[in-house]
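Here is a short report on one model. Look at the sequence and the structure first, then read on.

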Amino acid sequence: MRRRKIYEGKAKVLYEGPEPGTLVQYFKDDATAFNNQKQGTIRGKGVLNNRISEYLMTRLADIGIPTHLVRRLNMREQLIREVEIIPLEVIVRNVAAGSLSKRFGMQEGTPLPRAIIEFCLKNDELGDPLVTEEHITVFGWATVEDIDDIVQLALRINDFLTGLFLGIGIRLVDFKLEFGRIWNEDEMMIVLADEISPDSCRLWDLETDEKLDKDRFRRDLGRVEEGYQEIARRLGVLPEAGPVDLKGPKLMQ
Ligand code: 5GP
């Protein structure tokens, strides 16, 4: 079967979907970090991220968060609604880590007094720079009302996911969300898009502070696959057949 490729990113490919207004999102094993300077493959990552993101988005939909997910199709693919992506990375932080720790010289692991939200422009050439609401509105990436909706959604998502992960012994340190617009006649709705997975979250074991996310790859901590598998296992979505099952279908061109 041949399908039209709409877009290929670092970790995913989007294909034309079976009906207008839909796309197929394919999860690859490829991993990049530091704005593409570090590249590699994490075996089985695509299969696990497909299931982890499906699980988390389905749970979020249950509490009324609108998402782009229609359903998982197979080991590596999801049917999603086509959205107009808002070109922002919405970062939610509960604990100091990563670029925040670096920017302010704060020790990683320091709890923040309350959750904070940061916006970065999605632009690889510029290295996804941090932007303010002034930049967002003056350059027309989103309106004040859009930002209000996004902040409300991001905080509800954070509350829910923080509790969900606590329940399986994991601290949700920080994560990145993307949102998109869906148009229905003249009505516009903002929905959660992209993925929520160990590629886009910092997830630390509650007891040991062991990192179980993409930082294992970024920082050469070893046992990268095991981090993703541990998250899937604790969420109850690890494929039963184990590693054999993790190859999934070949990427169709
Ligand atoms: P930081 O700004 O500290 O590098 O990242 C904060 C959080 O957002 C981390 O959980 C990180 O995984 C996520 N994040 C930031 N930028 C990106 C990105 O370009 N892609 C992905 N997948 N996650 C990101």
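Is R2 buried or exposed? R2 is exposed, at a relative accessible area of 75%. Here buried means under 20% relative accessible area, exposed over 50%, and partly exposed in between, with a 1.4 Å probe and protein chains only. R2 sits in the segment before β1 (5–8). Its C-alpha is 30 Å from that of S200, and the two residues are 198 apart in sequence.

The model is predicted: local features need pLDDT of at least 70, side-chain atom pairs count only at pLDDT 80 or more, and totals for chains, interfaces and linings use all residues. Residues are numbered from 1 along each chain as its sequence is written, and side-chain values use heavy atoms, with hydrogens and water left out.

**Helix α6**

Helices (H or I, at least four residues) and strands (E, at least two) are DSSP runs, numbered from the N terminus. Helix α6 covers residues 224–235, 12 in number. From first C-alpha to last it reaches 18 Å, close to the 16 Å expected at 1.5 Å a residue; that expected span is 1.5 Å times one less than the number of residues. Its buried residues are V224, G227, Y228, E230, I231, A232 and L235. They pack against α1 (45–62), α4 (144–166), β12 (170–184), β14 (201–205) and α5 (215–218). Contact means heavy atoms within 4.5 Å.

α1 and α6 pack at an angle of about 35°, with axes 10 Å apart. Axes are lines fitted to C-alpha atoms, for helices over the stretch in contact, and angles run from 0 to 180 degrees between N-to-C directions. On the α1 side, K45, L48, N49, I52, Y55 and L56 make the contact; on the α6 side, Y228, Q229, I231, A232 and L235 do.

**Core**

A nonpolar core is a set of buried Ala, Val, Leu, Ile, Met, Phe, Trp, Tyr and Cys residues joined through side-chain atoms within 4.5 Å. The largest has 47 residues, and L235 and F179 are among those with the most contacts inside it. α4 gives the most to this core, with 9 residues.

**Positive phi**

Most residues other than glycine have a negative phi. Two aspartates depart from this, with positive values.

| Residue | Phi | Loop | Relative accessibility |
|---|---|---|---|
| D209 | near 65° | between β14 and α5 | 38%, partly exposed |
| D220 | near 55° | between α5 and α6 | 60%, exposed |

Just after α6, G236 also takes a positive phi, of about 80°.
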